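Me: Hey, could you walk me through this structure? I'd like to go through it with short questions and answers.

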Amino acid sequence: MGEIKSMNHAERYIELVAQTRGKTLDTSYYAAFYLLSSEQWIFDAAKRHVSSNGIDFEGLKQCMGSFDEISQNMIEIAYNLFKWTSHCKVTPFTISRMGHPYIEQVCNAIYIASGEMKIQIQHLEDGIPEIFPECEEREW
């Protein structure tokens with residue numbers, strides 16, 4: 001049997017975006033996809049709930065009972081950034097205790113949702129894509 005290769009963050013992100021099949025995406029989608037693709041096990045659950053209709057967070061949240069607390073928090077935050085009126089039980093204090101790299105990923109997602117950052121995908125010399133959140137230039 002062949003070995004199953006796990007995907008990196010960029011590959012998972014690209015796949016979630018592709019699953020929307022031409023849907024016009026805004027910064028809320030990009031922020032949610034950034035978090036939902038951050039870890040393989042979150043992505044594995046999320047990809048079953050992404051389609052050309054959007055993201056079915058209600059279905060995804062029903063699957064996360066077996067996830068650890070950090071993964072559950074990442075999904076909660078992704079949902080809140082996607083749907084601003086959703087109730088989010090994750091507080092700034094909780095985020096401060098998530099540790100590296102999760103705090104950085106959450107902060108990047110907040111910047112992405114606000115339009116302060118954009119996702120850049122770059123293919124390295126070996127052809128493997130890498131994900132780079134990049135600050136937007138601002139005129140003050």
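Me: Let's start with Glu76: buried or exposed?
Reply: Sure, and keep in mind that this is a predicted model. Glu76 has a relative accessibility of 5%. The cut-off for buried is under 20%, so Glu76 counts as buried.

Me: Which residue does Glu76 form a salt bridge with?
Reply: In general, side chains of opposite charge can pair when their charged atoms come close. For Glu76, the closest N and O atoms of the pair are 3.4 Å apart, and the cut-off for a salt bridge is 4 Å. The structure holds one salt bridge. The partner of Glu76 in its salt bridge is Lys61.

Me: How many residues apart in sequence are the parts that this pair ties together?
Reply: Glu76 sits in helix H5, while Lys61 sits in helix H4. The pair therefore links parts of the chain whose separation in sequence is 15 residues.

Me: And Lys61, what is its exposure class?
Reply: Its relative accessible area comes to 25%. Buried would need under 20% and exposed over 50%, so Lys61 is partly exposed.

Me: How do H2 and H5 run relative to each other?
Reply: Their axes come within 8 Å and cross at roughly 175 degrees. Angles over 145 degrees count as roughly antiparallel. So the word for H2 and H5 is roughly antiparallel.

Me: How many nonpolar residues are in the contact of H2 with H5?
Reply: On the H2 side you'll find Ser28, Tyr29, Ala31, Ala32, Leu35 and Leu36. H5 brings Met74, Ile75, Ile77, Ala78, Leu81 and Phe82. By class, there are no charged residues in this contact and one polar residue, and the nonpolar count is eleven.

Me: Which element gives the most to the largest nonpolar core?
Reply: That core has 38 residues, and those with the most contacts inside it include Phe33, Leu35, Ile55 and Ile77. Among the elements that give two or more residues are H1, H2, H5 and strand E3. With seven residues, the top contributor is H2.

Me: Which residues is Ile55 in contact with, leaving aside neighbours within four places in sequence?
Reply: Ile55 is one of the residues with the most contacts inside the core. Setting those sequence neighbours aside, Ile55 touches Tyr29, Ala32, Phe33, Leu36, His49, Val50 and Phe82.

Me: Last one: what separates the C-alpha atoms of Leu124 and Thr94?
Reply: Leu124 is in the loop between E3 and strand E4, and is partly exposed at 39% relative accessible area. Leu124 and Thr94 are 30 residues apart along the chain, and their C-alpha atoms are separated by 35 Å.

Definitions and conventions
Residues are numbered from 1 along each chain as its sequence is written. This is a predicted model: local features need pLDDT of at least 70, side-chain atom pairs count only at pLDDT 80 or more; totals for chains, interfaces and linings use all residues. Side-chain values use heavy atoms; hydrogens and water are left out. A nonpolar core is a set of buried Ala, Val, Leu, Ile, Met, Phe, Trp, Tyr and Cys residues joined through side-chain atoms within 4.5 Å. Buried means under 20% relative accessible area, exposed over 50%, partly exposed in between (1.4 Å probe, protein chains only). Helices (H or I, at least four residues) and strands (E, at least two) are DSSP runs, numbered from the N terminus. Contact means heavy atoms within 4.5 Å. Axes are lines fitted to C-alpha atoms, for helices over the stretch in contact, and angles run from 0 to 180 degrees between N-to-C directions. Angles under 35 degrees count as roughly parallel, over 145 as roughly antiparallel, 65 to 115 as roughly perpendicular and the rest as oblique. Ala, Val, Leu, Ile, Met, Phe, Trp, Tyr, Cys and Pro count as nonpolar, Asp, Glu, Lys and Arg as charged, and the others, Gly among them, as polar. A salt bridge is a side-chain nitrogen of Lys or Arg within 4 Å of a carboxyl oxygen of Asp or Glu.
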